[in-house]
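Here are my notes on the model you sent over, as numbered points. Have the viewer open while you read, and shout if anything looks off.

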Amino acid sequence: MHPARLFIVSGLPGSGKTARATQLVERFGGIRVSADDLFERLGLDLWDERARARLEAYQRELTAEALRSGTNVVVEWGSWTRRERDQLLATARRAGAMAHLVFLDEPVDVLWQRISDRGREQAVGSRAITRDDLVGWSASVERPTDDERAGYDTLPPLRAGERPGDPSFPYCLLYTSPSPRDQ
């Protein structure tokens, strides 16, 4: 039996987290864990940080249980800080699971276009995401460092011809646009 895998899918709104998380579940099996999905289903305000913290803590417990039972888990929370990612990595390691980081880093203009096109963020919450929100969040995201990347397990590309990321960072999947900080 192979150890379970934890995939941490990290990125800002509109970066493609749900699409990538869905691909990972299709390829490796397991479950996808998304706080935003529950917020939407329960009609909660996406901006309610206290509710988000409680929900993610509960989902972290479920993730640990699933990993211990041998089930792969794809966590799609955004995980913008190293602290958040380190907590998830520690959860995987305590469960004896492999861990992979998928960091999606798109230019603000791409994120804004995607969010504008889908309108999902406007449907749930006390207010819609603005371009200014994205600019601020992009500046505050803690992008993975070489040291952080080294803590993750290697994973092959998802599909033929798809590159796993920058070849200088072989310890994680790293999907980035050519110039992620373009605004």
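**Notes on the model**

1. Let me start with a small cluster of charges: a network of salt bridges links Arg 32, Asp 37 and Glu 76. Keep in mind that this is a predicted model. Within the network, Arg 32 and Asp 37 pair up through their side chains, with N to O at 2.6 Å. Arg 32 has a relative accessible area of 31%, so it counts as partly exposed. Over the whole structure, the search turns up 12 salt bridges.

2. Now the overall layout. The protein chain has eight helices and five strands, and along the sequence they come in the order β-α-β-α-α-β-α-β-α-α-α-α-β. The chain runs to 183 residues, of which 45% count as buried. Take the contacts between residues at least 6 apart in sequence: 72% of them join residues at least 24 apart.

3. Helix α3 deserves a look of its own. It has 20 residues and spans 28 Å from first C-alpha to last, close to the 28 Å expected at 1.5 Å a residue. Which of its residues are buried? The set is Ala 51, Arg 52, Leu 55, Glu 56, Gln 59, Thr 63, Ala 64, Ala 66 and Leu 67. The buried residues of α3 pack against β1 (5-11), β2 (31-33), α2, β3 and α4.

4. Two of those buried α3 residues carry charge and pair with each other. Glu 56 and Arg 52 form a salt bridge, at 3.9 Å from N to O. That is within the 4 Å cut-off for a salt bridge. Why are the two about one helical turn apart? Because Glu 56 and Arg 52 sit four residues apart in helix α3. As a general point, an α-helix has 3.6 residues a turn, so residues three or four places apart point the same way. Glu 56 has a relative accessible area of 9%, so it counts as buried; Arg 52 is at 13%, so it is buried as well.

5. Helix α4 holds a pair with the same kind of spacing: Asp 86 and Arg 82 are four residues apart, about one turn of the helix. They form a salt bridge, and their closest N and O atoms are 3.3 Å apart. Are these two buried or partly exposed? Asp 86 has a relative accessible area of 31% and is partly exposed, and Arg 82, at 26%, is partly exposed too.

6. At Arg 68, also in helix α3, the side of things is reversed: its relative accessibility is 57%, so it counts as exposed. The cut-off for exposed is over 50%. Arg 68 and Ala 95 are 27 residues apart in sequence, yet their C-alpha atoms are 5.0 Å apart in space.

7. On to the largest pocket, with a volume of about 810 Å³. It is lined by 35 residues, and the closest to its centre are Pro 13, Asp 36, Arg 52, Trp 77 and Trp 80. Arg 52 is the α3 residue that bridges to Glu 56. By class, the lining has 12 nonpolar, nine polar and 14 charged residues.

8. Where does that lining come from? At least two residues each are supplied by α1 (17-28), α2 (35-42), α3 (49-68), β3 (73-78), α4 (82-94) and α6 (120-123). The largest share, six residues, comes from α3.

9. Finally, the enclosed space. How many cavities of 30 Å³ or more does the structure hold? There is one, and the largest cavity has a volume of about 50 Å³. Its lining is made up of Gly 11, Leu 12, Ser 15, Phe 103, Leu 104, Asp 105, Glu 106, Leu 111, Val 141 and Arg 143. Strand β4 (residues 98-105) gives the largest share of that lining, three residues. By class, the cavity lining has five nonpolar, two polar and three charged residues.

Definitions and conventions: Residues are numbered from 1 along each chain as its sequence is written. This is a predicted model: local features need pLDDT of at least 70, side-chain atom pairs count only at pLDDT 80 or more; totals for chains, interfaces and linings use all residues. Side-chain values use heavy atoms; hydrogens and water are left out. On a 1 Å grid over the protein atoms alone, a cavity is a set of points where a 1.4 Å probe fits but cannot get out, and a pocket is an open set with protein on both sides within 12 Å along at least five of seven lines; lining residues have an atom within 4 Å of a point. Grid points are joined across faces, edges and corners, and a volume is the space filled by probe spheres set on the points. Ala, Val, Leu, Ile, Met, Phe, Trp, Tyr, Cys and Pro count as nonpolar, Asp, Glu, Lys and Arg as charged, and the others, Gly among them, as polar. Buried means under 20% relative accessible area, exposed over 50%, partly exposed in between (1.4 Å probe, protein chains only). The expected span of a helix is 1.5 Å times one less than its number of residues. Contact means heavy atoms within 4.5 Å.
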